[in-house]
Amino acid sequence: MDILDKVAGSSWAGWLNALIILLAGLLILKIVIVLIKKILAKSTIDGALHTLVINSVKVAALIVIIVSVLSELGVNTSTFIAVIGAAGAAIALALKDSLANVAGGIIILVTKPFGKGDYVMTNDIEGSVEEIDILNTTLKTVDNKVVSIPNSSISNSALINFTRTEARRVDLRIGVSYDAEIDRVKTVLAGVADSCSMVLKDRGYRIGVAEHGESAVIFDFQVWTKPENYWDVRYYLGEKSKEALDEAGIEIPYTHIDVIVKK
């Protein structure tokens with residue numbers, strides 16, 4: 001009631017000044033919002049962040065305008081400001097996890113470690129980015145599952161972006177018999193890579209002995225392709241390598257048991 005009494009007891013001059021401050025403040029706020037929208041439209045800031053910036057400016061400006069109007073009407077605004085501060089602290093404490101996601105979302109939208117459509121892996125989850133909003137990032141996995149990941153988890157974890165560059169390497173490991181000639185195996189695998197139109201031939205191949213296993217010589221078979229062709233190339237090489245090695249008479253070892261029956 002004390003606030004209402006002070007407002008009611010204000011002079012006509014106080015009311016007039018308060019009205020001028022209110023109208024001028026709202027007009028200036030409208031002009032500022034228009035300018036901010038134009039600046040954001042020309043900037044590289046993600047569109048999902050535009051609404052947050054504009055709403056934050058509106059709320060802050062309205063608080064300043066209200067405090068200025070009440071002060072002109074003779075109201076002691078120190079108590080009002082203290083109440084707003086206490087309420088803000090209480091809300092921040094209650095929504096600390098959500099605010100952490102908002103902060104993570106802002107970091108992602110500003111730094112742009114990935115964009116919509118990129119194929120990424122984070123927190124042992126990989127998939128194509130479907131949507132980036134202020135709280136969560138949505139991925140679609142290769143088996144068509146939709147996964148929503150909190151932004152705070154992404155911003156605080158390692159992230160691999162497979163599509164940020166123009167090419168992605170396909171890594172295969174192929175085991176062959178110890179009886180096989182190394183150069184011949186290399187020739188066969190190189191021929192498989194040559195037969196695939198999606199392999200980037202200008203980047204070359206890497207084919208070589210990676211290790212000597214218990215029952216096989218393990219070859220690294222590495223080629224480059226465009227990110228969107230990764231899985232097609234991987235499956236093609238896996239299938240055609242088996243067929244080509246069989247045709248060349250090069251054995252691919254596998255575990256088997258010889259049973260000897262004594263009469």
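Leu 237 counts as buried because its relative accessibility is 0%; buried means under 20% relative accessible area, exposed over 50% and partly exposed in between, with a 1.4 Å probe and protein chains only. Leu 237 sits in helix α8.

This is a predicted model, where local features need pLDDT of at least 70, side-chain atom pairs count only at pLDDT 80 or more, and totals for chains, interfaces and linings use all residues. Residues are numbered from 1 along each chain as its sequence is written, and side-chain values use heavy atoms, without hydrogens and water.

The mean pLDDT (the predictor's confidence in each residue, from 0 to 100) is 82 for the protein. Of its residues, 80% reach 70 or more. The extremes among the elements (DSSP runs: helices are H or I, at least four residues; strands are E, at least two) are tabulated below.

| Element | Residues | Mean pLDDT |
|---|---|---|
| helix α1 | 2-8 | 52, lowest |
| strand β8 | 217-225 | 95, highest |

Where pLDDT is low, the predicted coordinates should not be read in detail.

The largest nonpolar core (buried Ala, Val, Leu, Ile, Met, Phe, Trp, Tyr and Cys residues joined through side-chain atoms within 4.5 Å) has 23 residues. Val 176, Phe 221, Val 223 and Leu 237 touch the most other members. At least two residues of this core come from each of β6 (168-176), α7 (182-194), β8 and α8 (230-247). A second, separate core has nine residues, including Phe 114, Val 120, Leu 139 and Ile 154.

Beyond four places in sequence, Leu 237 is in contact (heavy atoms within 4.5 Å) with Val 170, Leu 172, Val 192, Ala 193, Phe 221 and Val 223. Leu 237 and Val 170 are 67 residues apart in sequence, yet 9.2 Å apart in space, C-alpha to C-alpha.
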